[in-house]
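Let's take a walk through this structure together, starting at an opening and working inward. Keep the viewer at hand as you read.

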Amino acid sequence: MTLDVVQQLKLLQHIYSESTIWDEELRASRHNVPEDVSAEQLQALEATGHEPNHFERPQHEDTIRELRTLAERWTLQEAAQAFVASLWSAPMIWRSLLAGKLIAASIPDHEYSPYPSSRKCQICGLDVNDGVDTSLQWYWRMTNGTPLDGDIFGHVLALREMPASQAPPVPNEYDRWTLRAVLTVLRNLPPKTRYSKAADALKKEQLLPTKKVYVYRDLLETLALIGILDTPEQPGMITAFTSYAERDKRPNTRVEVQAPLAWWDSSVGINEHNLNLIFGEFDCSNVSLENKPEPNPLASETVIGAFESRRGVGTKAKVPKKSPDAGTGEVQPGDVYAVKVLSGSWVTVYCHEVKDKRTIVEYLDGVFPDMPGKEDLILTVRPRPDERWQCSAIGIDSTSWVRRVARDMPAPNASQPKPESVPFHAAKDLRHMASWCFPDL
């Protein structure tokens, strides 16, 4: 049995939508393999090198050394060409080559310097000994974009997928038009437009072969990291290496992305100097968005387009309209809501406090294949990798795919103190923010 790339991705999506359990031997949370996934399918995934629950534990010096070695296989010009091709015609994983090469070229030699409260290095951001599912990382590179926050091991895994014998993709004319169109939208944003609205503007023009806004936001974060959407005080990697600790600083608690994008807005504009350094061989002038050429290939013929349009593996579960334990009335403290993150992937949030139509919520442990019931709830908070996290959400009772499943539940167990600051968000953002507390989503 052989699986094409899209079949591999759909099968992994089905597997990774399942709940996770802690594996003491692996010292990591692994995903349960659904019963409808056959041994033959698993063998086919293994033959491609993408079997699920395949963990590696990166080491500091080894990871930096491998990143540099892998990045030397290609020139900056080849990496830039692959980046442009990945905007449409080529698999999205090729977008990681440019960021990985620039990080490898700029990262200094340094000793492992972890934060006092974690194993994450303050210089490069590597979480030493953290179990990383390599197949899940490949799945995200193919469907979501570049490893964010300059994750050096994520870039190592992405570059491993690009054999030295394989020439990087060469952009076609439509890829080149797409680059110009992205730049045109960014240059013509209203003053002071922040990254979330910029991502919405790009998505509105349908410039990538995806329907997911977070893929557009990932593109903005990548453009910022390499130095196209940076600021003089927070330079991108083409200018200088900035430590993870510096990039992790934000202008306020409501900003979730790292620097440089955390500090950028449309009034800062595009760094045209860096744009020329990286993409100097391309025409980067503005284009008419109204005279959009015929996509080549069609969106449905790209990897990400085919993935999003093709039916998944297994039978799609019907979502119950209402939990029998949901009760009636508006949100109140002690309520638990289920949030659909992906098809076949639900998480839950606990409501701590309600004030001025805003609800302070916090993710609970557990990822569920279907909307969970009261009996399924795990009353333990799920923090971010470095700290406990809550947000003040508005519209929780009026948001699609956010459903109350229980009332009058006791406060969840927590091993960390409450966060010092609580950002504001719309309840619809809970499905996108879940990956901050559930890195495997």
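The second largest pocket has a volume of about 280 Å³. Keep in mind that this is a predicted model. Sixteen residues line this pocket, and those nearest its centre are Leu208, Pro209, Thr210, Lys211 and Ala299. Which helix gives the largest share of the lining? That is helix H13 (residues 303–309), with three residues. The loop between H12 and H13 holds proline 297, and the peptide bond that joins asparagine 296 to this proline is cis, with omega at about 0°.

From the pocket we can turn to enclosed space. The structure holds four cavities of 30 Å³ or more, and the largest cavity contains about 100 Å³ of space. Fourteen residues line that largest cavity, with Asp149, Glu221, Leu225, Gln258 and Ala259 closest to its centre. H10 supplies the largest share of this lining, four residues.

Several of these lining residues deserve a visit of their own. Glutamate 221 is in helix H10 (residues 213–226). Is glutamate 221 buried or exposed? Its relative accessible area is 13%, and since buried means under 20%, glutamate 221 is buried. Beyond its neighbours within four places in sequence, glutamate 221 is in contact with Leu148, Asp149, Val257 and Leu261.

One of those partners, aspartate 149, sits in the loop between helix H6 (134–143) and helix H7 (152–160). Aspartate 149 has a positive phi of about 60°, although it is not a glycine. At 30% relative accessibility, aspartate 149 counts as partly exposed. Alanine 259, also among the residues closest to the cavity centre, is joined to proline 260 by a cis peptide bond with omega of about 5°. Proline 260 belongs to the loop between helix H11 (244–247) and H12.

Now for helix H8 (residues 173–187). How far apart are its end C-alpha atoms? They are 21 Å apart, which agrees with the span of 21 Å that 15 residues should give at 1.5 Å a residue. At the N-terminal end, asparagine 172 caps H8, placing a side-chain oxygen 2.9 Å from the backbone nitrogen of tyrosine 174.

H8 is mostly covered, with twelve of its 15 residues buried. Among them are Trp177, Leu179, Val182, Leu183 and Leu186, as well as polar or charged names such as Asp175, Thr178, Arg180 and Thr184. The buried residues of H8 pack against helix H4 (76–86), helix H9 (195–204), H10 and helix H12 (272–279).

Leucine 186 of H8 leads us to the nonpolar interior. Leaving out residues up to four places away in sequence, leucine 186 touches Ala198, Leu202, Leu220, Leu223, Leu229 and Ile270. In soluble globular proteins, nonpolar side chains tend to be buried together. Here the largest nonpolar core has 91 residues, and the members that touch the most others are Leu159, Leu186, Leu220, Leu223, Ile228, Leu229 and Phe279. There is also a second, separate core of 23 residues, which includes Val331, Leu430, Met433 and Ala434.

Loops offer a few more stops. Alanine 90 lies in the loop between H4 and helix H5 (95–106). With a relative accessible area of 10%, alanine 90 is buried. Not counting residues up to four places away in sequence, alanine 90 touches Ala85 and Pro169. From alanine 90 to threonine 193 there are 103 residues in sequence and 29 Å in space, C-alpha to C-alpha.

Further along the chain, lysine 357 is found in the loop between strand S6 (345–355) and S7. Phi of lysine 357 is near 65°, a positive value in a residue other than glycine. Its relative accessible area of 67% makes lysine 357 exposed. Our last stop is glutamate 375, in the loop between strand S7 (358–368) and strand S8 (391–394). Glutamate 375 counts as exposed, at 64% relative accessibility. Although 31 residues separate glutamate 375 from alanine 406 in sequence, the two are 9.2 Å apart in space, C-alpha to C-alpha.

Definitions and conventions: Residues are numbered from 1 along each chain as its sequence is written. This is a predicted model: local features need pLDDT of at least 70, side-chain atom pairs count only at pLDDT 80 or more; totals for chains, interfaces and linings use all residues. Side-chain values use heavy atoms; hydrogens and water are left out. A nonpolar core is a set of buried Ala, Val, Leu, Ile, Met, Phe, Trp, Tyr and Cys residues joined through side-chain atoms within 4.5 Å. Buried means under 20% relative accessible area, exposed over 50%, partly exposed in between (1.4 Å probe, protein chains only). Contact means heavy atoms within 4.5 Å. Helices (H or I, at least four residues) and strands (E, at least two) are DSSP runs, numbered from the N terminus. The expected span of a helix is 1.5 Å times one less than its number of residues. A polar contact is a pair of N or O atoms within 3.5 Å; within protein, one must be able to donate a hydrogen and the other to accept it, and residues adjacent in sequence count only if both atoms are side-chain atoms. On a 1 Å grid over the protein atoms alone, a cavity is a set of points where a 1.4 Å probe fits but cannot get out, and a pocket is an open set with protein on both sides within 12 Å along at least five of seven lines; lining residues have an atom within 4 Å of a point. Grid points are joined across faces, edges and corners, and a volume is the space filled by probe spheres set on the points.
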